[in-house]
Amino acid sequence: MIELDVNGRRHAVDAEGDTPLLYVLRDHLAMNGAKFGCGLGQCGACTVIVDGKAVFSCVTPISVLGGRAIRTIEGLGTPDRPSPLQRAFIDEQAAQCGYCIAGMIMRAQALLDANPSPSDAEIRRHMAPNLCRCGTHMRILRAIRRAAQRVPTAATPLRSTPT
Amino acid sequence: MIDLRAVRCLSMLALAGAALLGCAESPTTTAQTAAERTFDRAQVAKGAELSALGDCRVCHTGDGGRAFAGGRPLPTPFGTIYSTNITPDAETGIGRWSRDDFRRAMHEGIDRAGRHLYPAFPYDHFTHVTDDDVDALYAFIMTREAVSARTPRNRLVFPANLRPVLAAWNWLYLDARRFTPDPAQSAEWNRGAYLVEGLAHCGACHTPRNIAGAEKRGQPFGGGDAEGWHAPGLLAASPAPVEWNADALFRYLRNGFDAEHGLAAGPMAPVVDELATVPEAEVHAIVTYLTSRTGQTRNAPANERIAAAEQREFDAVGRHAPDRASEASASSAETQDAGEVIFAGACATCHYAGAGTPRTTPVPLALTTSVNAPTPQNALRVVVEGLHPASGEPGAIMPGFGSALTHAQIVAVVEYVRARFSDRPRWTDVNATLHGIEREQPK
């Protein structure tokens with residue numbers, strides 16, 4: 001048994017230590033947001049956040065995750081109350097088939113948590129590992145830029161969606 | 001990291017330098033003539049090729065910056081030196097430099113203002129380059145786009161921050177003379193010697209340096225350091241299990257990859273990118289000279305070593321692997337086990353014989369230079385940072401594991417990989433080396 005902290009809740013998981021986190025999320029915990037893309041850390045569809053950093057859950061064995069904080073897209077918002085970043089992805093219609101989007105959002109969330117107003121170059125460099133085969137990268141970048149302006153801070157409280 | 005012994009040694013040099021101050025170099029005040037501003041197309045083209053062979057762009061371009069505009073930090077044992085702007089911008093670049101100023105910098109390591117340049121700029125190699133070739137480089141550089149970019153101040157420890165130290169350094173270590181061909185050797189060998197010892201400055205990274213930061217002449221290409229990476233010894237001095245030969249070295253230098261040795265990474269990656277653009281004959285010449293400088297020492301047939309390395313990849317995954325952990329000392333047995341589990345979950349999907357990424361099949365780990373190297377530096381860097389092709393270019397990708405794994409987990413998996421895949425002794429400094437790398441990483 002390995003205990004995992006996912007979105008602030010503890011889960012005792014009965015799996016081998018070398019099992020990738022992605023399999024545990026999907027098969028044991030029924031969290032299907034993170035996707036299996038390549039299984040080789042090459043595409044980013046499986047991206048989640050561990051201790052504040054974006055990681056590929058397909059090549060992260062659960063043996064390394066004891067006592068660490070795992071965050072998945074299920075921890076951001078709900079269909080009724082999407083998080084600001086999810087809202088921005090919807091507003092920009094950044095998904096086409098949508099398979100990469102959970103990973104895209106989690107990688108972008110890690111960036112915005114560390115740097116609420118990243119430059120365009122910072123966004124591009126940070127998002128480089130994640131691929132979208134439909135080619136909606138430009139919309140994804142716009143969504144992140146939009147969210148960066150909406151992230152609430154003491155000086156600029158969150159307002160309704162800008163047009 | 002600052003080496004105190006090096007600081008003491010430089011202090012001695014500083015005293016000597018002070019004694020030599022009387023013969024400090026003078027600034028030049030002559031402006032370029034109009035004729036010096038006009039260049040022949042063929043000369044510029046020749047300069048472009050020479051610039052690629054000399055890796056001018058590699059050092060003189062900052063991360064994400066404009067080509068040749070400088071600003072790249074170069075860590076040395078004496079502190080950090082920033083590469084300068086060598087675009088023809090008059091204020092921040094070398095736009096006011098005459099051809100003779102440029103020659104003096106290349107051959108003697110002295111800038112237009114008469115100040116000594118640091119040998120991080122490898123004038124101890126460039127001094128061997130012919131006047132004609134230096135002039136072609138001047139033509140190429142002076143026809144680049146002028147970029148206004150101020151070079152950050154160097155952050156050097158006393159007394160390395162005092163440039164007169166370099167007068168003494170030059171007196172001791174600089175062999176300022178042009179290349180002379182060896183008539184007993186072929187034209188190709190001589191071309192290779194000219195490039196390797198001169199513009200291409202291979203020894204600047206691959207030859208170990210003494211305490212004053214000068215190359216040890218008695219150990220050419222014996223292995224050195226480059227920007228926080230280990231620059232492995234070449235050919236016979238290489239730690240790679242399969243010996244290098246001319247064909248393998250050519251493939252590696254031309255394509256950045258050789259299936260029996262590995263992938264060019266770290267500071268070598270941009271070097272092979274440049275070598276992919278020059279005429280093939282130049283790379284053959286480099287190979288001819290380098291292979292002649294080293295004897296072939298190992299005799300176990302390469303195909304046996306390759307087969308053994310591939311077998312190890314099969315054995316690595318799964319509980320039925322022969323138990324090498326039992327050979328380990330009791331204290332490290334635990335990290336060995338942790339490392340094995342991490343390897344199975346994080347590494348084996350690609351580093352398992354027969355597996356591969358969409359673009360490549362990784363070189364069996366047992367064959368790679370980094371896993372067999374005398375220091376864990378490169379193995380750690382690859383695990384932490386991963387391998388990435390240049391921006392916008394296709395190429396093999398290994399994700400970095402610096403975010404997924406903690407410090408202790410990285411140490412465990414790297415120690416496991418060394419024990420599992422190399423016959424060489426365990427590394428004893430994995431933990432300390434990783435601390436050094438982590439200090440550089442942006443948090």
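In this predicted model, B:R99 and B:D135 form a salt bridge whose closest N and O atoms lie 3.9 Å apart. The pair links distant parts of the chain, with B:R99 in helix 4 (residues 99–108) of chain B and B:D135 in helix 6 of chain B, 36 residues apart. The two partners are not equally accessible: B:R99 counts as partly exposed at 30% relative accessibility, whereas B:D135 counts as buried at 9%. The cut-off that separates these two classes is 20% relative accessible area.

Helix 6 of chain B also takes part in a salt bridge through B:D133. The side chain of B:D133 meets that of B:K46 at 3.2 Å, N to O. Because B:K46 lies in helix 2 (residues 41–54) of chain B and B:D133 in helix 6 of chain B, the pair ties together parts that are 87 residues apart in sequence. B:K46 is partly exposed, with a relative accessibility of 37%, while B:D133 is buried, with a value of 7%.

A salt bridge in chain A joins A:R71 to A:D113, with the closest N and O atoms 2.9 Å apart. Here the connection runs between strand 5 (residues 69–71) of chain A, which holds A:R71, and helix 3 (residues 101–114) of chain A, which holds A:D113, across 42 residues of sequence. A:R71 is partly exposed at 29% relative accessibility, and A:D113 is likewise partly exposed, at 45%. The three pairs are set out below.

| Salt bridge | N to O distance | Sequence separation |
|---|---|---|
| B:R99 and B:D135 | 3.9 Å | 36 residues |
| B:K46 and B:D133 | 3.2 Å | 87 residues |
| A:R71 and A:D113 | 2.9 Å | 42 residues |

Over all chains, the whole structure holds 27 salt bridges.

Aromatic pairs number 13 over all chains. One of them is formed by B:F68 and B:F140, an edge-to-face arrangement with 5.8 Å from centre to centre and 80° between the planes. This pair, too, links distant parts of the chain: B:F68 belongs to the loop between helix 3 (56–59) and strand 1 (73–76) of chain B, B:F140 belongs to helix 6 (residues 131–142) of chain B, and 72 residues separate them. B:F68 is buried, at 3% relative accessibility, and B:F140 is buried as well, with a relative accessible area of 6%. Elsewhere in chain B, ring pairs connect B:F121, B:Y123, B:F126, B:W169 and B:Y173 into a cluster.

Chain B as a whole contains 18 helices and 7 strands. It has 443 residues, of which 51% count as buried. Among its contacts between residues at least 6 apart in sequence, 68% join residues at least 24 apart.

The contact between the two chains takes 19 residues from chain B and 18 residues from chain A. Together the chains bury about 1500 Å², with 60% of that area on carbon and sulfur atoms. B:G345, B:S403 and B:A404 supply 29% of the area that chain B buries against chain A, more than any other three residues. Helix 14 (residues 330–347) of chain B gives the most to the side of chain B that touches chain A, contributing 5 residues. By type, the residues on that side of chain B divide into 11 nonpolar, 7 polar and 1 charged. Between chain B and chain A there are 0 salt bridges, but 5 residue pairs are in polar contact, with both residues at pLDDT 80 or more.

Some features of the backbone also deserve mention. Most residues other than glycine have a negative phi, and most peptide bonds are trans. The peptide bond from B:F158 to B:P159 is cis, with omega near 0°. B:P159 is placed in the loop between strand 3 (155–156) and helix 7 (165–173) of chain B.

A positive phi of about 50° occurs at A:N7, which is not a glycine. A:N7 sits in the loop between strand 1 (2–6) and strand 2 (9–13) of chain A, and is partly exposed at 27% relative accessibility. In chain B, B:E227 has a positive phi near 50° and is a residue other than glycine. B:E227 is found in the loop between strand 4 (224–226) and strand 5 (229–231) of chain B, where B:E227 is partly exposed at 25% relative accessibility.

How values were computed: Residues numbered from 1 in each chain as written. Chains lettered and ligands numbered in written order. Predicted model: local features only at pLDDT ≥ 70, side-chain atom pairs only at ≥ 80, totals over all residues. Heavy atoms only, no water. Phe/Tyr/Trp six-rings, centres within 6.5 Å; stacked < 30°, edge-to-face > 60°. Helix = DSSP H or I, 4+ residues; strand = E, 2+ residues; numbered from the N terminus. Buried < 20%, exposed > 50% of the residue type's maximum accessible area, 1.4 Å probe, protein only. Contact = heavy atoms within 4.5 Å. Buried area = accessible area lost by both parts, 1.4 Å probe. Salt bridge = Lys/Arg side-chain N within 4 Å of Asp/Glu carboxyl O. Polar contact = N/O pair within 3.5 Å; in protein donor to acceptor, adjacent residues only side chain to side chain. Nonpolar A, V, L, I, M, F, W, Y, C, P; charged D, E, K, R; others polar.
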